[in-house]
Amino acid sequence: MALATTSALLTTLTACGADSTPHGRGAAKPTAKPAPAWRTDPASIAALGDSITVGFDACTVLSDCPEVSWSTGTSPKVDSLAHRLLKKNPAAHSWNYARTGALMSDLPQQITAAAARRPELVTVLIGANDACRSDVGAMTSAADFRGGFERSMKTLRHSLPRTQVYVAAVPDLLRLWSEGRKNPLGKQVWKLGICGSMLRDPDDLTKPAQDRRALVRDRVMAYNEALAEVCAKDTLCRFDRSVFDYRFTGQQLSTWDWFHPGLHGQQQLAELAFRTITRKENPLKGEAASGI
């Protein structure tokens, strides 16, 4: 009797154990959650970055002019990203946390401030100041820049797991030198110390000067490669390298310093961002980040 009872108990336990395993006959197969889809019509925007995004020198000399910001500007003269995307009261649903002089190391702090607004889209344009130093030796290293952006994205995702991120490439500073030096007044303004690593002695065409400018451009390209590669790891992040590729002219530069974007430059940045954000497919999907 005891043997029969024990045998029956063992049989029952064995059957229960088989059914309770993940690979048991009646077990439900785990289903993977679909990746969040990119929305081309976000309802709110927070802008992060440096002087470009706060419209420095776009309206008056040595002053921010956020109303003409390519990202969140309210002026109809610019037709900013917020004005294009936000159909209902853009000014009430867009916020600008960019700061003149900001470096990549300042980005986490801006993200923390923006997170309180819970924006559906965050725009990022930063990095020019990391390359625009007194000399090439003072530029932020490519490794530190990449590490800073990785930390920034982790900070953002911790607070804003479903917010979309648009990352603009650092503009081509060598082209800026090439176009801006055509203006005699602009070259005089540059002597005040604007972006010395690239713009110092703008008419010096000797090999050392050309090599110095090439080093700055190479560093900017390394920054953009880092931005593209880190962004590519995030489903809700889009990198826009057209900001580096765009063949701007002096017409897009500020008439106060021939360095920052003027009104027309802000308009063009808004247009480039709008194209990338409203595309159904990520423009860099399937493409290698190298060669940027």
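These are legends for four close-up views of a predicted model.

**View 1. Strand β1, tucked away inside.** Let's start with β1, the strand that covers residues 45–49. Of its 5 residues, 5 are buried, so the strand is largely enclosed by the rest of the structure. In a regular strand, side chains take turns pointing to one face of the sheet and then the other. Here, Ile-45, Ala-47 and Gly-49 sit on one side of β1, with Ala-46 and Leu-48 on the other. Both faces are covered, and every one of these residues is buried.

**View 2. The partners of β1.** Which strands does β1 pair with? One is β2 (residues 94–96), which runs parallel to β1 and is joined to it by 3 bridges. To find a spot where they meet, look for Ile-45, whose bridge partner in β2 is Ser-94. Another is β3 (residues 121–125), also parallel to β1 and linked through 5 bridges. On that side, try Leu-48: its bridge partner in β3 is Val-124.

**View 3. Two arginines on two helices.** Arg-157 belongs to helix α5, which spans residues 142–159. Is Arg-157 buried or exposed? Its relative accessible area is 19%, and since buried means under 20%, Arg-157 counts as buried. Its side chain reaches the backbone oxygen of Leu-160 at 2.7 Å. Setting aside neighbours within four places in sequence, Arg-157 is in contact with Arg-162, Thr-163, Val-165, Asp-234 and Leu-236.

Now hop over to Arg-217, found in helix α9 (residues 207–232). With 25% relative accessibility, Arg-217 counts as partly exposed. What does Arg-217 touch, not counting residues up to four places away in sequence? The answer is Asp-172, Leu-174, Met-198 and Phe-244. Look for Arg-175 as well: Arg-217 and Arg-175 are 42 residues apart along the chain, and their C-alpha atoms are separated by 9.3 Å.

**View 4. The second largest pocket.** Rolling a probe the size of a water molecule over the atoms shows where empty space remains. The second largest pocket holds about 180 Å³ of space. Its lining draws on several stretches of the chain, so here is the full list: Ser-51, Phe-56, Thr-100, Gly-101, Asn-129, Cys-132, Gly-193, Ile-194, Cys-195, Phe-259 and His-260. What kinds of residues make up that lining, by class? There are 5 nonpolar and 6 polar residues, and no charged ones.

Key
Residues are numbered from 1 along each chain as its sequence is written. This is a predicted model: local features need pLDDT of at least 70, side-chain atom pairs count only at pLDDT 80 or more; totals for chains, interfaces and linings use all residues. Side-chain values use heavy atoms; hydrogens and water are left out. On a 1 Å grid over the protein atoms alone, a cavity is a set of points where a 1.4 Å probe fits but cannot get out, and a pocket is an open set with protein on both sides within 12 Å along at least five of seven lines; lining residues have an atom within 4 Å of a point. Grid points are joined across faces, edges and corners, and a volume is the space filled by probe spheres set on the points. Ala, Val, Leu, Ile, Met, Phe, Trp, Tyr, Cys and Pro count as nonpolar, Asp, Glu, Lys and Arg as charged, and the others, Gly among them, as polar. Buried means under 20% relative accessible area, exposed over 50%, partly exposed in between (1.4 Å probe, protein chains only). Helices (H or I, at least four residues) and strands (E, at least two) are DSSP runs, numbered from the N terminus. Two strands pair if DSSP finds at least two bridges between them. A polar contact is a pair of N or O atoms within 3.5 Å; within protein, one must be able to donate a hydrogen and the other to accept it, and residues adjacent in sequence count only if both atoms are side-chain atoms. Contact means heavy atoms within 4.5 Å.
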